[in-house]
Amino acid sequence: MLHINRDQQTLTPLPRPRLADVGLRERQHLQALIRDNSEAFFDELDESLILVGEEVMPSEAVDNRIDLLAVDRTGRTVILELKRGNDKYQLLQSLGYAAMSADWDDQALLEQASRFWQCDLESATTRLEDFLDTDLRALNEEQRVVLLAEGFDYEVLATASWLTEVYGLDIRCFRVTIARHEEDELLQCVRVFPARTLTEQAVLRRRSGRTGRSKLLPAATDNLATWNDLLASVRNPEVKSFFEDELAAGRTNYLPDRSVVFQDRSRNRWYVKVRTEQAYVWQEGRFAQDVGFWQKQLPRDADIRAVQGGRALRFYLNSAEAFQAFRRAVLDDGSKLEFLSTQRLNNMLDTDELDGKINDSFEQESS
């Protein structure tokens, strides 16, 4: 990090002391700063996370605790482990925590969030529903590991790479450094593993600081082997058949989110995500009487609901009949549907024109 002096046209390196040299302790200072400023810190990491716990005991069988616990927008539990300096056992410790937390059900995670936020279970549920890009049933289906340290031994990065490439684990390592300028202290976090791809760099520039759903990638033949591995674990043959057909047809897909994407006239609207027993559909945005529209198209067990504060819909598909009805509706009628503008939808929500978060239909026509 360089200090700019415009008058003298100079660049001067800022001093970079170790955390220990400036008296920053792991739990007392660094962890507390992240806890109290989690949104700003996660933005610095370029991670869309919500903090749900600190010093969390992963199991009654151990005394150690997870430094910080978060959830990402796909419902995955994120184990964050902090170290001053470098510690080659940091990865082993965090993997143990991830393994133990995998035994929690979604209710246990909701109760943990409720305790951390000091609110009732209903309020915690609502807050998570508004944050997630998926249904609460997806909570803790998978786990991720985020390591934060001043440095990483070679064996840590080599092991993280091996576990990621061979077993598909999501492990990310960030180097934390501090710089000083006069009386100011500056904290910087740089991802050192996995290295950012050119695509990620370009997406970050196009996104220009906005938050939201990740940029989707077009279907590619080199994805199919990994998709095949994923679909091999699906127990419902109708779900497997639907995704195989859509991938073979070249449907836009996003493997990390396990989804294929359908569009209306101009944008991505329906994200169909694979599950072991069913498919989960997320409808981005709303159109007039959309709940009623889908109730007429789909079987009763689709369980159609408004989510994200009324700004989206979610429902389920688990039979050949349901998949055929969904495909027919979006391909035949998708281009004819008039989605509400963001401003119109927000106005309806602000003026209580929608009856709560789960409503039977829109009474107003789209504009």
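Mentor: Contact means heavy atoms within 4.5 Å of each other. Keep that cut-off in mind. The model here is predicted.

Trainee: Which residues does Arg 127 touch, not counting those up to four places away in sequence?

Mentor: Arg 127 touches Ile 50 and Trp 117. Arg 127 itself sits in helix H5, residues 121–131.

Trainee: How far apart are Arg 127 and Ile 50, in sequence and in space?

Mentor: They are 77 residues apart in sequence. In space, C-alpha to C-alpha, they are 9.9 Å apart.

Trainee: Is Arg 127 buried, exposed or partly exposed?

Mentor: Compare the relative accessible area with two cut-offs: buried is under 20%, exposed is over 50%. Arg 127 has 43%, so it is partly exposed.

Trainee: Next, a whole helix. What span does helix H6 reach, and what is expected?

Mentor: Helix H6 covers residues 154–167, 14 residues in total. From first C-alpha to last it reaches 19 Å, close to the 20 Å expected at 1.5 Å a residue.

Trainee: Which residues of H6 are buried?

Mentor: Val 156, Ala 160, Ser 161 and Leu 163. Seen down the axis of H6, these buried residues fall within an arc of 165°, so they line one face of the helix.

Trainee: Which exposed residues does the face turned away from the buried side carry?

Mentor: On H6, that face carries Tyr 154, Glu 165 and Val 166.

Trainee: What covers the buried residues of H6?

Mentor: The cover includes helix H3 (90–101) and three strands: S6 (143–149), S7 (170–181) and S8 (184–193). Look also just after H6, where Gly 168 takes a positive phi of about 75°.

Trainee: Which residues are buried in helix H10, and what covers them?

Mentor: H10 spans residues 290–297. Its buried residues are Asp 290, Val 291, Gly 292, Phe 293 and Trp 294. Their cover includes strands S11 (268–274), S12 (279–284) and S14 (312–317), along with helix H11 (320–333).

Trainee: Now the empty space. How many cavities of 30 Å³ or more are there?

Mentor: Rolling a probe the size of a water molecule over the atoms shows where empty space is left. In this model the count is 2 cavities of 30 Å³ or more.

Trainee: How much space lies in the second largest cavity, and which residues line it?

Mentor: About 40 Å³ lies in the second largest cavity. Glu 129, Thr 134, Asp 135, Leu 136, Tyr 280, Trp 282 and Val 307 line it.

Trainee: How many residues of each class does that lining have?

Mentor: The lining of the second largest cavity has 4 nonpolar, 1 polar and 2 charged residues.

Conventions: Residues are numbered from 1 along each chain as its sequence is written. This is a predicted model: local features need pLDDT of at least 70, side-chain atom pairs count only at pLDDT 80 or more; totals for chains, interfaces and linings use all residues. Side-chain values use heavy atoms; hydrogens and water are left out. On a 1 Å grid over the protein atoms alone, a cavity is a set of points where a 1.4 Å probe fits but cannot get out, and a pocket is an open set with protein on both sides within 12 Å along at least five of seven lines; lining residues have an atom within 4 Å of a point. Grid points are joined across faces, edges and corners, and a volume is the space filled by probe spheres set on the points. Ala, Val, Leu, Ile, Met, Phe, Trp, Tyr, Cys and Pro count as nonpolar, Asp, Glu, Lys and Arg as charged, and the others, Gly among them, as polar. Helices (H or I, at least four residues) and strands (E, at least two) are DSSP runs, numbered from the N terminus. Buried means under 20% relative accessible area, exposed over 50%, partly exposed in between (1.4 Å probe, protein chains only). The expected span of a helix is 1.5 Å times one less than its number of residues. The arc is that of the directions from the helix axis to the C-beta atoms.
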